[in-house]
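Reader: I've got this one open on my screen and I'd like to talk through its charged contacts. Can you walk me through them?

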Amino acid sequence: MVAAVDAIDDSLDRQNLIDKIRDPMTSSLPNAPLRIGAVSYLNTKPLVWGLRERLGDRGELSFNLPSRLADDLHSGKLDVALIPSVEYLRDPSHTIVSDAVIGCRGPVWSVRLLSRVPAAEIKRLALDEGSRTSAALLQILLWEIHGIRPEIVPFAMEQTPEAIDADAMLMIGDRAMHPAPRCYQEIWDLGDRWCRWTELPFVFAMWVARAGVDVGDLATALEASRDEGIASLEEIAACEAAAHGLTNEDLYRYFAENLHYTLGPDERTALDEFRRRAVSLGLVPDSSFPIETS
């Protein structure tokens, strides 16, 4: 554990040095490593399996919440990041750099609505601060299924459900996988709701570069890590399960059955459909740029 912390500190020191000599809103300096951000949740483990070693001197890998990665990409603190799909749809200057994504084709387990009242009666909704795609997805589903647009309040990472003054809350990531028992009237799995409602898969996050960044052959490393991760799900589950309060079997099934890691034709169709519905509610700008990788 100490060695891991030291390694993180060393990585941060190198990153700070690079940041000091860069203009954050321009493309990377020649030969400078790409600043790459990945999501800090369990669902990302198969995507980044062996990625740091594959990058070598070509990239510095850091981890954060999906919403913060999107902000850092937009501000120029990162060159490439695994950002919420809704943030890609909000900025046509961004480019998808790989077909490695985080998606689902049914129940996703780690993205949930927990409601203290029947869903149709939600008036005040707390949205997980780590979420942007799931926040938009939930608002779309509530509008289309029940015709409601609740008041939105924040749900900070350090807050507990008991501290939230709301009828319902959106919870994502590791803490959504085993919420403490409460008196909820409805619990939705958002992946399941979307897939059954639209008969399409869903894409929660994708590797995206900001404008002006030369990613070189980064896609090869990202896709090789994804492929190796999928081939190593049992090993990843054995490494991560206990620390997250899960059995090896439960975590393996989560990776293998709840998540999908490839951007295929159906996923592109789903992104277009998600954009269309988000535009109708004013959640993303009205644009029609094609969804394609670089």
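**Salt bridges, one pair at a time**

Reader: Which residue forms a salt bridge with Arg210?

Author: Bear in mind that this is a predicted model. In it, the closest N and O atoms of the pair are 2.9 Å apart. Arg210 lies in the loop between strand E10 (202-209) and helix H8 (218-231), and its partner in the loop between helix H3 (66-75) and strand E3 (80-84), so the pair ties together parts that are 131 residues apart in sequence. Both residues are buried, and the partner is Asp79.

Reader: Is Glu240 buried or exposed?

Author: Glu240 meets Lys45 in a salt bridge through their side chains (3.7 Å, N to O). Glu240 sits in helix H9 (residues 233-240), while Lys45 is in the loop between strand E1 (34-39) and helix H2 (51-55), 195 residues apart. Lys45, at 28% relative accessibility, counts as partly exposed. Glu240 has 18%, and because the cut-off is under 20%, Glu240 counts as buried.

Reader: Which residues are joined into one network by salt bridges that share partners?

Author: Start with Arg132 and Glu87, a salt bridge whose closest N and O atoms are 3.7 Å apart. Arg132 lies in the loop between strand E6 (124-128) and helix H5 (133-146) and Glu87 in helix H4 (residues 85-90), so this pair ties together parts 45 residues apart in sequence. Arg132 is partly exposed at 23%, whereas Glu87 is buried at 14%. Shared partners make one network of Asp71, Glu87, Arg90 and Arg132.

Reader: How many salt bridges are there in the whole structure?

Author: The pair Lys45 and Glu240 is one salt bridge, and Arg210 with Asp79 is another. A search of the whole structure gives a total of 19.

Notes:
Residues numbered from 1 in each chain as written. Predicted model: local features only at pLDDT ≥ 70, side-chain atom pairs only at ≥ 80, totals over all residues. Heavy atoms only, no water. Salt bridge = Lys/Arg side-chain N within 4 Å of Asp/Glu carboxyl O. Helix = DSSP H or I, 4+ residues; strand = E, 2+ residues; numbered from the N terminus. Buried < 20%, exposed > 50% of the residue type's maximum accessible area, 1.4 Å probe, protein only.
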